[in-house]
Amino acid sequence: MAPESDLVVLYDGICGLCNRLVQFLLRHDIHDRLKFASLQSEFARVALARHGADAADLDTIQIIENYGRADEKLLSRSDAILRAGRALGGFWKFAAATSHLVPKSLRDSFYRFVARNRYRVFGKYDTCLLPEPKQRKKFLDL
């Protein structure tokens with residue numbers, strides 16, 4: 001994976017909110033910086049194990065920054081969301097930067113509240129949705 005696309009977004013593949021987030025990121029990733037894999041995949045299990053994280057924890061989105069490099073780093077919850085925003089550039093980069101002014105404990109408390117209620121509000125799929133053919137190259141678990 002090229003250095004400019006070394007961010008891997010790990011998301012709950014059966015969550016309606018998470019799938020909407022992935023669709024949003026796909027639409028706005030004009031610099032092609034993001035790759036994706038569902039938390040239910042073997043790819044996520046192996047990648048998260050390197051960081052002592054459990055892919056069975058579906059309550060958080062994870063981002064692997066600098067994937068496959070010596071300085072690989074795992075971000076979760078609000079830090080992962082803000083990192084994805086910075087990768088999009090433009091307005092989203094600005095919004096992510098200003099969101100860092102909110103204390104992490106407050107951001108993560110809000111994140112956990114949304115995560116606890118996401119299936120009830122946004123629904124749940126029986127299986128992970130497949131991306132459109134033109135987007136499949138961005139998915140590492142297919």
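These legends walk through several close-up views of a predicted model.

**View 1. The four-stranded sheet, strand by strand.**
Start with the sheet, an open one of 4 strands in the order β2-β1-β3-β4. Its pairing is mixed. In general, strands of a sheet pair through backbone hydrogen bonds, either parallel or antiparallel. Which strands sit at the edges? They are β2 and β4, and each of them pairs on one side only. β4 covers residues 73-76. Leaving direction aside, neighbouring strands here are turned by 25 degrees against each other on average.

**View 2. Zooming in on β1 and β2.**
This pair runs in the parallel sense, held in register over 5 bridges. For one of the partners, look at V8: its bridge partner in β2 is K35.

**View 3. Helices against the sheet.**
Helix α2, residues 42-49, lies across β1, β2, β3 and β4. Relative to β1, α2 runs at about 115 degrees. Helix α3 packs on the sheet too, touching β1, β2, β3 and β4. The direction of α3 makes about 105 degrees with that of β4.

**View 4. The buried face of α2.**
Which residues of α2 are buried? They are F43, A44, A47 and L48. Look down the axis of α2 and these buried residues fall within an arc of 115 degrees, so they line one face of the helix. As for what they meet there, the buried residues of α2 pack against β1, β2, β3 and β4.

**View 5. The largest nonpolar core and a second one.**
Nonpolar side chains tend to be buried together in soluble globular proteins. Here the largest nonpolar core has 20 residues. Those with the most contacts inside this core are V9, Y11, L25, L34, F36 and I63. Several elements give two or more residues to the core: strands β1 (7-11) and β2 (34-38), along with helices α1 (16-28), α3 (77-88) and α5 (104-122). Apart from this core lies another, of 10 residues, and among them are A37, F43, A47 and A55. Two of those names may ring a bell, since F43 and A47 also turned up among the buried residues of α2.

**View 6. Y11 and its neighbours.**
Y11 is one of the residues with the most contacts inside the largest core. What does Y11 touch, once residues up to four places away in sequence are set aside? The list is C18, N19, V22, F36, A37, S38, L39, Q40, I61 and F139.

**View 7. Two cysteines without a bond.**
How many disulfides does a search of the whole structure find? The count is 0. C15 and C18 make a good example: the sulfur of C15 has its closest cysteine sulfur in C18, 3.1 Å away, which is too far for a bond because a disulfide needs the two sulfurs within 2.5 Å. C18, likewise, is in no disulfide. Are these cysteines buried or exposed? C15 has 0% relative accessibility and counts as buried. C18, at 15%, counts as buried as well.

**View 8. Where C18 sits.**
C18 has its place in helix α1. Leaving aside neighbours within four places in sequence, C18 is in contact with Y11, D12 and R118. For a sense of distance, pick out G90: C18 and G90 are 72 residues apart in sequence, and their C-alpha atoms are 22 Å apart in space.

**View 9. D32, a residue with positive phi.**
Find D32 in the loop between α1 and β2. D32 is not a glycine, yet its phi is positive, at about 55 degrees. With 30% relative accessibility, D32 counts as partly exposed.

**View 10. R77 and D108, in contact across two helices.**
R77 is found in helix α3, and D108 in helix α5. R77 also has a positive phi, of about 50 degrees, although it is not a glycine. How do the two compare for burial? R77, at 24% relative accessibility, counts as partly exposed, whereas D108, at 7%, counts as buried. Leaving aside neighbours within four places in sequence, D108 is in contact with R77 and S78.

Definitions and conventions:
Residues numbered from 1 in each chain as written. Predicted model: local features only at pLDDT ≥ 70, side-chain atom pairs only at ≥ 80, totals over all residues. Heavy atoms only, no water. Buried < 20%, exposed > 50% of the residue type's maximum accessible area, 1.4 Å probe, protein only. Core = buried A, V, L, I, M, F, W, Y, C linked by side-chain atoms within 4.5 Å. Contact = heavy atoms within 4.5 Å. Pairing = 2+ DSSP bridges. Axes fitted to C-alpha atoms, helices over the stretch in contact; angles between N-to-C directions. Arc of directions from axis to C-beta.
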